[in-house]
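Reader: I am new to reading structures and would like to follow one part closely instead of skimming the whole. Please pick a part and go through it step by step, giving each term its cut-offs.

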Amino acid sequence: MTREVRESLQGSTWGQFADQIVENSQRVLGYPYVFLTQCDLNTGQARCVAWAGLHLTVVKRTLQAVKVALPNFDPLGASAPIDANPFTAQVYRNGEVVNRSALDIVQGAVPDLVVHFAQKIVGVDHVLMVPLQLEGHVYGALVCCHNEAHVPEHKLDLARAFASQVAFGLHNAELRRQQELVMQELQASRELLTQAEERTRQQVSEHLHSRVQSRLLVAWYRLGQVKSKEQEVQHTLNQVRDELEHIREHEVRLLSHQLHPEALDVGLIAALQLLVQRMQHMLDVHIQVDSKLLKHEEENQGLSASSRLVAFRVIEEALGNTIKHARARNATVTLRLQNHTLFLEVQDDGIGFDPKRALKGLGLRWMDARIKQVEGTWGVDSQKGGPSRIWARIPS
């Protein structure tokens, strides 16, 4: 884990649990004042992140006195070197429990005047520092203020056990946060891959639509200029021209639209209507759209570009699978917009399939990645003999 990532993880984790930790420490250990410090061995600094007992009147009086005497010192936001003195180094560097006088512990870390106020107003003479340590790594320390020159062994054992649990909890929280960060990075990678894929599709589509079609048109025109006295040769030339025209008007144009449906820029429904037209000789597809989605598309307030693209590709894949595998005659595409979510469904009257086996196929795995990319959900309902239904919920 990089240092920057670690600092990010620790900041979010400690901010979430710090107050709860010191309050629980206060109840478990029985000390009136408990601090939680966080240390960073890389920077060599420790800082106070929480303090139980702030609400007490004597503490407020102490803080007021400190503010008057030392206006530039903030006891709640102060940081100090972890090697401020041999005792803090023992705690943060070596992971040892230390119980010393307050002056010994804070020497070099905070002004002596702060300790003087704490002793006179609050009545704190000693400080017990218990490292938050797990697998040799010290995260920080519980700093307990008290008046015991010698802490009973059973209390030290309790403090060590509690600190270990705190360290374990913080460690687990950091791991969860790290996992969230990895998932966010994975999501971003998926989006970048999809954007790159669609950009490539668009570039190929534009290339076919412009340069390839133009060259085919030039070839068609030049063949038209060729005249032959031999009837058979002329007939062959005419056939070649017809074939070029068919390639230009149908094959290239169809491939161009499949790679990048320009109608998506207008709306999902328009793009689906063109998709259905291309499939009309292979499958009879009916599109059912609710009035809310129709109104949003008419007012150009429909789905986001990414949601339109995912919905279109999912429906395209589902209908393509129907044509290839289902032996179906009819299919119905149902679209409904509700609570900022697009509900889509593709159902056919084909022979059905085993969903468990189909989910191992590339097509449905690709569909799964597409839908998860926009944090949607989906599912398949089918059985031998049919019908089959694929549904998805896509945030708009």
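Author: Two strands are said to pair if DSSP finds at least two bridges between them. Strands themselves are DSSP runs of E, at least two residues long, and helices are runs of H or I of at least four, both numbered from the N terminus. The model is predicted, so local features need pLDDT of at least 70 and side-chain atom pairs count only at pLDDT 80 or more, while totals for chains, interfaces and linings use all residues. Residues are numbered from 1 along each chain as its sequence is written, and side-chain values use heavy atoms, with hydrogens and water left out.

The protein chain has twelve helices and eleven strands. The part chosen here is an open sheet of five strands in the order 7-8-9-11-10, where the pairing is mixed. At its edges stand strand 7 (284-289) and strand 10 (377-382); each has a single partner strand, so one side of each has no neighbour in the sheet. From one strand to the next the twist averages 10°. Angles here run from 0 to 180 degrees between N-to-C directions, and the axes are lines fitted to C-alpha atoms, for helices over the stretch in contact.

Start at the edge formed by strand 10. Strand 10 pairs with strand 11 (residues 388-395) in the antiparallel sense, over six bridges. Among the partners, Gly 379 is bridged to Trp 391 of strand 11, and Asp 381 to Arg 389 of strand 11. The hairpin made by strand 10 and strand 11 has five residues between the strands, and in this hairpin Gly 385 has a positive phi near 95°.

Now the helices on this sheet. Helix 9 (residues 291-298) lies across strand 7, strand 8 (330-338) and strand 9, and runs at about 75° to strand 8. Helix 10 (residues 305-326) also packs on the sheet: it touches strand 7, strand 8, strand 9 and strand 11, and its direction makes about 10° with that of strand 9.

The length of helix 10 can be checked. The expected span is 1.5 Å times one less than the number of residues. For the 22 residues of helix 10 this gives 32 Å, and the end C-alpha atoms are 30 Å apart, which agrees. As for burial, a residue is buried under 20% relative accessible area, exposed over 50% and partly exposed in between, with a 1.4 Å probe and protein chains only. In helix 10, 16 of the 22 residues are buried, so the helix is largely enclosed by the rest of the structure. Of the 396 residues of the protein chain, 39% count as buried. After helix 10 comes Arg 327, which has a positive phi near 55°.

Last, a single residue of the sheet. Thr 341 belongs to strand 9 (residues 341-348). Is Thr 341 buried or exposed? Its relative accessible area is 19%, so Thr 341 is buried. Contact means heavy atoms within 4.5 Å. Neighbours within four places in sequence aside, Thr 341 is in contact with Arg 336, Arg 393, Ile 394, Pro 395 and Ser 396. Arg 336 also has its charged end over the ring of Phe 343, 4.4 Å from the centre. To count as sitting over a ring, NZ of Lys or CZ of Arg must be within 6 Å of the ring centre and within 35 degrees of the ring normal.
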